[in-house]
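Reader: I would like to go through how the two parts of this model meet. Please justify each label as we go.

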Amino acid sequence: MNQAEKERAAKVGKKLNVKAYIKAEIEAIRAQVGDKKVLLAMSGGVDSSVCAVLLHKAIGKNLMCVFVDHGCMRLNEAKEVKKVFKGKFGINLVQIDAEKRFLDKAKGIVDPELKRKCIGGEFIRVFEEEAKKLGRIEFLGQGTIYPDIIESGVGGHKAVKAHHNVGGLPKDIGFEGLVEPVKYLYKDEVRKVGKALGIPDFMVQRQPFPGPGLAVRCLGELTKEKLDILRQADFIFRDEMAKAKLDRKAQQFFAVMTNVKSVGVKNGARTFGYVIAIRAVSTSQFVKAGIVPLPFAFVTKVAEKIATKVKGVNRVVWDVTPKPPATIEWE
Ligand code: XMP
């Protein structure tokens, strides 16, 4: 057993007892934080949502959530987060529109790891600035989960990629420490905890969305044009998956901006447009993933709809590669 495995065993045991975990974690948060404040990086995904509710239960108004729209969110995402967490749960939530700032910073960067590091670094700086505006905030909350730790090479595992929320904090971060209440849980366990905390099903079952967002699904340089195209294509695919009730068969499904342009024809005229890829995978722990056998007629319908409705796209391909050898995200 390496260090990370030992730490998980101590927190979770052989099989997760959800109620006991919640109780212990709330106590652990209170013991760590006391009457100090926590700033939580909310992404709208399951991990940070569960973190937010756990922290809210533990420290109430001393939790301040910050949602940064880094310009790489999915369609309507920022609005939905506000409605659920501010509206329904009454959690302190500040939303920051930082699209321009992030895109300016990422300009010209094409290497996937550098893009991740750029966005991760900018994220931390935005939070630091926000923390200053909000007064003294001692702790930084994060929705790190166990696979993030494994894949970032912590605890003796081999690094697969640099997840932005692990090990990427600058030394001058200015917080006393990190609070990571779901750090030793696998994704399915995080969902169980979320359900027990009373988070509505549609949020708990929501597919994972990486911290850097569409940045890991938009290949090459990040531009508003490419991201807007991707947002529309992705929305069409996810909407069609839900309408066809195929969303329950895949743990993750999304569109990818491949950054490849090819020739097509629209209204009798030649076009030169982007190739969008669609991907739907089934997995339990996200360490390995298989391909969801979407009905072929469904795939061709989605392809045609995306290539017809989204300006700038004239071709759609279906990614049928399992993990390994591919990863789930294209990057
Ligand atoms: P890969 O692409 O490595 O993805 O097969 C495995 C799972 O991790 C998600 N993912 C992330 N989650 N921060 C996260 O919280 C990240 O930076 C990140 N990158 C990938 C990915 O969507 C998949 O579910």
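Reader: What makes you speak of domains here, and which residues does each span?

Author: The model is predicted. The domain assignment of the protein gives domain 1 as 3-204 and domain 2 as 223-318. Their centres, taken over C-alpha atoms, are 28 Å apart.

Reader: How many residues from each domain take part in the contact?

Author: Domain 1 supplies 13 residues and domain 2 supplies eleven. Contact requires heavy atoms within 4.5 Å, so these residues count by that cut-off.

Reader: How much area is buried between domain 1 and domain 2?

Author: About 1100 Å², with carbon and sulfur atoms giving 59% of that. In domain 1, Arg74, Leu75 and Leu103 lose the most area to domain 2. Together they make up 38% of what that side buries.

Reader: Why is the pair Glu99 and Lys224 called a salt bridge?

Author: The closest N and O atoms of Glu99 and Lys224 are 3.4 Å apart. The cut-off is 4 Å between a side-chain nitrogen of Lys or Arg and a carboxyl oxygen of Asp or Glu, so the pair qualifies. Across the interface of domain 1 and domain 2 the rule finds two salt bridges.

Reader: Which helices each supply at least two residues of the side of domain 1 that touches domain 2?

Author: α5 (99-106), α7 (146-151) and α8 (187-196) do. α8 gives the most, with three residues.

Reader: What kinds of residues make up that side of domain 1?

Author: Six are nonpolar, one is polar and six are charged.

Notes:
Residues are numbered from 1 along each chain as its sequence is written. This is a predicted model: local features need pLDDT of at least 70, side-chain atom pairs count only at pLDDT 80 or more; totals for chains, interfaces and linings use all residues. Side-chain values use heavy atoms; hydrogens and water are left out. Domain bounds come from an automatic or database domain assignment. Buried area is the accessible area (1.4 Å probe) that two parts lose on being put together, summed over both. Helices (H or I, at least four residues) and strands (E, at least two) are DSSP runs, numbered from the N terminus. Ala, Val, Leu, Ile, Met, Phe, Trp, Tyr, Cys and Pro count as nonpolar, Asp, Glu, Lys and Arg as charged, and the others, Gly among them, as polar.
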